[in-house]
Amino acid sequence: MVLTLFLIITLTFFLVEAQPGDYASFYVLNPDIPPEVKDQIRAAFGLDRPVWQQYLIHLKNTATGNLGVSFGNYPRPVIDVLAERVPRTLMLFLTATAVSFYIGFFLGKAIAWRRGGLFEYATTISGAVLFTAFTPAFALMMIWAFAFKLGWFPVGKFLDPLVWRGADVSANYVFGNMLLSAVAFIVFALLVMLLLRRFGRRVPSAAALPIVLGGAVVIAAAWTVSGIGGLALDIVKHMVLPVATLTLISFAGTMLLTRNSMLETIREDYVMAARAKGLPDKQVRDRHAARNAMLPVVTSLVYSLIFAIDGSVIIESVFSWPGTGLTLLQAVRSEDLPLVMGAILFIGVLSLLAHVIVDVLYVYLDPRIRYQ
Amino acid sequence: MTDRRDPLLKVDGLSLSYQTRQGEVQAVRDVSFELARGSALGLVGESGCGKTSVANCLMRLLPDNARLSAGRVLLDGQDILLLTEEEMRLLRWRRISMVFQAAMNVLDPVYRVGQQIIEAIETHGVESTDSGARERVARLLRMVGLDPQLMERYPHEFSGGMRQRAVIAMALSCDPDLMIADEPTTALDVIVQDRILRELKAIQQQLAMSLIYISHDIAVVAEVTDVVGVMYAGRLVEMGETADVFRAPAHPYTAALMSSFPSVSGERHLLTSLPGEPPNLSDPPPGCPFHPRCAYATDVCRVEYPPEVRAGSHRAACWHPLDATLVPQS
Amino acid sequence: MTTPEPVGPTPTPELAVDAGSSRLRFVLARLRLMWRSFRSGGGTFLESHMGRLSLFIIIVYALMAVAHPILMASVWDPATYDPVTGYSFDQVEQPAPPSWKHPLGTDPLGRDVLSQLLYSTRSEFVLGITAALVTVTIATFVGAVAAYYGRLLDAFFMRLADLMIALPAISLLIVLSALFHLNLFYLALIIGVLSGFGGTAIILKSQALSIKVKPFIEAARVAGGGHFHIIFVHIIPHLLPLALLYMMFTVTSAIFAEAVLSFLGLLDLRMSWGIMIHTANTGGYLLGGTRYWWLIVPAGASITLLCSAFYLAGRALDEVVNPRLRQRHD
């Protein structure tokens with residue numbers, strides 16, 4: 001894992017090195033940077049030394065979080081710019097992945113369980129169409145339909161300046177708190193479910209819903225009282241459309257995969273046995289067939305996560321959502337090399353994280369791996 | 001109240017077919033038998049003769065392309081083929097449980113073994129408390145010769161024999177009246193197979209539970225069962241007390257089947273294998289389905305299905321029964 | 001130097017006499033065999049709706065690609081119809097809606113949309129097929145070599161493949177487009193390399209592994225076949241059907257990647273479907289919704305249609321190549 005990260009850093013470095021014109025010249029030619037700073041930068045990055053020394057310095061700088069100074073946002077350091085943008089991407093992308101995985105898995109198991117029929121046909125066709133639809137065009141259609149024609153959601157961007165005029169807190173502060181409460185809520189919900197499963201075999205699982213909803217109400221109430229609830233709501237409003245678009249284009253992959261995987265597990269002996277035990281149909285489907293069908297789907301979650309990372313670059317650019325993807329794109333357009341390298345590094349780290357998460361999840365889900 | 005002397009299970013004229021691309025496959029044709037409380041019935045025959053289909057009919061676990069064309073399955077006088085799916089669900093495992101063929105995959109790999117047994121116990125409300133259910137699982141595991149501690153383990157940590165024992169424990173978990181064992185020991189080595197068989201037999205007698213034992217292995221069936229039915233091409237061709245049938249088989253197929261296995265009683269005789277293949281069930285031959293492979297076949301066998309011949313409880317469907325004491329009933 | 005003998009099974013004397021013609025016969029027999037399996041496979045392919053539909057769409061687009069140079073040479077005046085430099089002078093307003101002269105209207109710069117569409121089709125095919133060929137060449141070779149030699153080489157290529165899979169391709173291409181001026185050929189090359197060393201290599205390697213243990217490989221080795229002979233003559237031909245399948249998927253991803261990058265305005269191309277949408281988008285015509293439909297629908301639909309056609313062709317081929325999948329429909 002560390003090795004892969006190292007390879008990504010190396011790869012980006014040498015790609016930059018290999019491109020026509022060197023890294024240093026970009027710094028030198030940039031009119032925004034005062035000459036004395038240029039010398040400073042030259043020294044810090046060792047731009048006057050041989051390539052291999054530059055490479056070592058680059059490695060050291062990367063390891064210590066020094067990614068250089070952005071040209072486009074001079075004099076902000078790259079790490080600063082990214083620290084602002086990464087959470088926005090994470091929010092967009094994690095929400096969309098979670099929702100699309102849930103929907104895809106749910107639909108997939110449903111259509112595999114009841115083969116044939118209009119429902120299966122309709123979901124498969126629409127899923128495949130959405131899956132192969134040209135993402136930017138589809139995203140633009142979504143904007144046109146829901147923001148322009150229907151006016152339900154704002155046309156893009158991260159927030160509405162009119163709402164924020166006169167606000168005494170920064171968008172990042174609000175957003176950071178939103179991220180925190182989202183994480184807190186998820187942890188809370190998981191804990192409730194885990195505890196209920198562990199201690200209350202006799203407690204109906206329906207009890208989980210009111211408790212979790214109660215948690216949601218508490219968090220919502222806290223936001224209302226805090227006075228920045230309106231601002232948070234504004235961000236949420238801007239999030240709905242990109243998340244929905246990203247979800248729509250990526251749920252079909254999970255759905256089709258779940259369906260295929262389900263069709264395999266349905267024929268397994270333990271599903272037959274579960275039915276013979278007299279378990280209710282739903283329990284056979286969810287606890288046995290779908291539970292096992294989930295394993296290969298989770299393995300491929302890596303691919304869908306990476307698909308979603310790529311997708312979020314496109315979505316961010318179409319929706320002008322100022323996350324890592326849009327940053328990357330703007331940096332590329334303005335030839336802001338340090339920012340390009342920083343952004344791709346973070347996207348790489350993100351996809352590695354996806355790998356790690358999936359590995360951990362898999363170990364948790366499959367006892368055969370757990371005890372090896 | 002049902003009379004204790006009534007048979008537990010009465011299968012009457014059961015016929016089942018599968019719709020396939022190659023046409024209709026008649027997997028079970030006009031099968032009838034009775035099973036008394038606490039006794040063990042064996043079903044033998046080559047693979048593909050319809051044994052497993054009969055078992056699946058009794059559990060009403062049939063694939064979508066199966067069609068029950070005729071017959072009744074009476075459990076304590078009640079036709080289970082007429083029950084709703086929900087009524088049937090509550091009856092499964094509680095009244096009739098099953099030990100599956102190829103038991104290696106019967107246990108779900110992602111759950112602990114104990115959990116899977118408890119799942120059945122909870123569904124049918126056999127025990128009202130958690131600790132009760134766990135004690136029951138421990139008792140069941142001991143009964144099949146497993147350490148109760150193993151309930152916390154996952155199936156992949158079990159050997160083949162252990163898994164089969166766990167599956168039997170699971171089948172016993174709700175005190176069923178009838179247990180169907182479909183080739184439960186085929187995948188195991190001979191020594192383990194023999195031990196499990198003995199235990200199964202002992203448990204069956206101890207619990208006074210009825211048992212249907214399905215196998216292609218005549219020796220095993222002879223060891224375990226009281227009554228035996230021989231199936232060929234979806235038909236029940238011979239049936240009777242196990243001792244009677246194997247001492248004096250009436251149907252040439254039974255005799256052929258017996259001579260292709262080493263003798264149960266240790267007598268030496270030449271093992272012969274049966275020539276030919278079982279018939280294609282989507283296009284069965286006219287008359288007796290066994291005639292193309294039968295040494296005794298005459299013209300009538302090729303045209304008309306044989307009548308039932310009988311002597312007491314021993315019956316067969318053959319024009320030329322090898323045991324002449326069996327005669328047609330008027 | 002002696003004349004190179006075909007390595008492989010030692011020729012029998014009478015074959016050795018007439019080595020040339022026997023080799024010819026051998027090749028012919030092999031071709032006939034391939035043709036036969038191709039025909040039966042093709043049958044399965046065409047039997048599926050997906051296969052027929054996808055083939056139809058691909059053929060229609062191929063015809064469109066061929067049509068463009070013919071039209072330019074015959075009916076279309078380059079000054080008006082050139083996809084990049086043409087300008088339609090008789091329209092008052094640009095973009096103009098479809099008319100007899102311009103069946104799909106003109107774009108904001110007064111160029112004929114149909115001409116752009118047809119012109120781009122050719123580059124999409126060139127791009128897709130180049131990328132697919134690069135992928136398959138690399139992946140087949142890497143897969144075969146990794147499977148055949150195993151150990152270090154295998155470990156190296158598989159780690160490399162893991163890395164390639166972990167890279168978000170579009171993001172990487174965006175970065176590359178910043179550093180180099182990407183044209184069609186480089187784009188095809190990069191996509192081919194990414195996919196060839198990535199997932200496709202893993203799949204072909206596992207296929208090669210299953211071929212490696214087949215008896216005829218052992219036979220070839222015993223007969224004195226060298227490593228390269230075995231890899232190229234015995235392993236790689238068996239990888240080709242699967243490789244063909246993954247070619248289809250590569251075409252899809254190549255066309256998609258091109259469209260996305262062009263849409264973002266990062267590619268150095270004359271004209272493509274992505275650029276058409278890019279032009280419309282930068283002009284702000286996309287949010288006009290249905291009013292300027294001819295600016296987005298033809299190109300957008302073409303990307304979707306051709307991408308899904310190649311994808312579906314891959315799925316249909318999958319059924320031909322993987323017999324396991326075929327059985328599912330029985």
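Begin by selecting helix 6 of chain B together with its surroundings in this predicted model: the buried residues of this helix pack against strand 3 (40-44), helix 5 (160-172), strand 7 (178-182), strand 8 (210-215) and helix 7 (218-224) of chain B. Those buried residues are Ile196(B), Leu200(B) and Gln204(B). They lie on the same side of helix 6 of chain B, because the arc that they cover around the axis is only 75 degrees. This agrees with a general rule, namely that an α-helix has 3.6 residues a turn, so residues three or four places apart point the same way.

Now turn the view to the face of helix 6 of chain B that looks away from its buried side, where the exposed residues Ile191(B), Arg198(B), Ala202(B) and Gln206(B) are found. Seen along its length, helix 6 of chain B covers residues 190-207, which makes 18 residues, and the distance from its first C-alpha to its last is 26 Å, close to the 26 Å expected at 1.5 Å a residue. After helix 6 of chain B comes Ala208(B), whose phi is positive, near 50 degrees.

Stay in chain B and select its open sheet, in which four strands follow the order 2-1-4-5 with antiparallel pairing. Which strands stand at the edges? They are strand 2 (23-35) and strand 5 (78-79) of chain B, and each has a single partner strand, so one side of each is left without a neighbour in the sheet. At one of these edges, strand 4 of chain B, residues 66-75, pairs with strand 5 of chain B in the antiparallel sense over two bridges. To see this pairing in detail, display Leu75(B), which stands opposite Gln78(B) in strand 5 of chain B.

Next, go to Asp30(B), which lies in strand 2 of chain B. Its phi is near 50 degrees, a positive value in a residue other than glycine. Asp30(B) counts as partly exposed because it has 17 C-beta neighbours inside 10 Å.

A second residue to select for its backbone angle is Trp93(B), which has a positive phi of about 70 degrees although it is not a glycine. Look for Trp93(B) in the loop between helix 2 (85-91) and strand 6 (96-99) of chain B. Is Trp93(B) buried or exposed? Trp93(B) counts as buried, because 28 C-beta neighbours lie inside 10 Å.

From here, select Ala169(B) and the residues around it. Leaving aside its neighbours within four places in sequence, Ala169(B) is in contact with Ile117(B), Leu140(B), Leu141(B), Met143(B), Val144(B) and Leu146(B). Ala169(B) also belongs to the largest nonpolar core, which has 259 residues, and within this core Leu328(A), Val340(A), Ala169(B) and Ile174(C) touch the most other members. Helix 11 of chain C provides the largest share of this core, with 20 residues.

That helix leads to chain C, whose secondary structure comes to 14 helices and zero strands. Of the 330 residues of chain C, 45% count as buried. Among contacts in chain C between residues at least 6 apart in sequence, 72% join residues at least 24 apart.

Keep chain C in view and add chain A, so that the contact between the two can be selected; 29 residues of chain C and 34 residues of chain A take part in it. On the side of chain C that touches chain A, helix 6 (151-166), helix 7 (169-179), helix 11 (227-263) and helix 13 (293-321) of chain C each supply at least two residues. Helix 7 of chain C gives the most to this side, with eight residues. By class, this side of chain C has 22 nonpolar, six polar and one charged residues.

Then move to the contact between chain A and chain B, which takes 18 residues from chain A and 23 residues from chain B. Helix 12 (269-276), helix 13 (281-299) and helix 17 (367-370) of chain A each supply at least two residues of the side of chain A that touches chain B, and helix 12 of chain A gives the most to this side, with six residues. The residues on this side of chain A divide into seven nonpolar, three polar and eight charged.

Finish in chain A with Leu263(A), which has its place in helix 11 (residues 229-266) of chain A. Leu263(A) counts as partly exposed, because it has 17 C-beta neighbours inside 10 Å. For a last distance, select Leu263(A) and Ala182(A), which are 81 residues apart in sequence and 35 Å apart in space, C-alpha to C-alpha.

Note on methods
Residues numbered from 1 in each chain as written. Chains lettered and ligands numbered in written order. Predicted model: local features only at pLDDT ≥ 70, side-chain atom pairs only at ≥ 80, totals over all residues. Contact = placed C-beta atoms within 7 Å. Nonpolar A, V, L, I, M, F, W, Y, C, P; charged D, E, K, R; others polar. Buried ≥ 20, exposed ≤ 12 C-beta atoms within 10 Å, placed from the backbone. Core = buried A, V, L, I, M, F, W, Y, C linked by C-beta atoms within 7 Å. Expected span 1.5 Å × (residues − 1). Arc of directions from axis to C-beta. Pairing = 2+ DSSP bridges.
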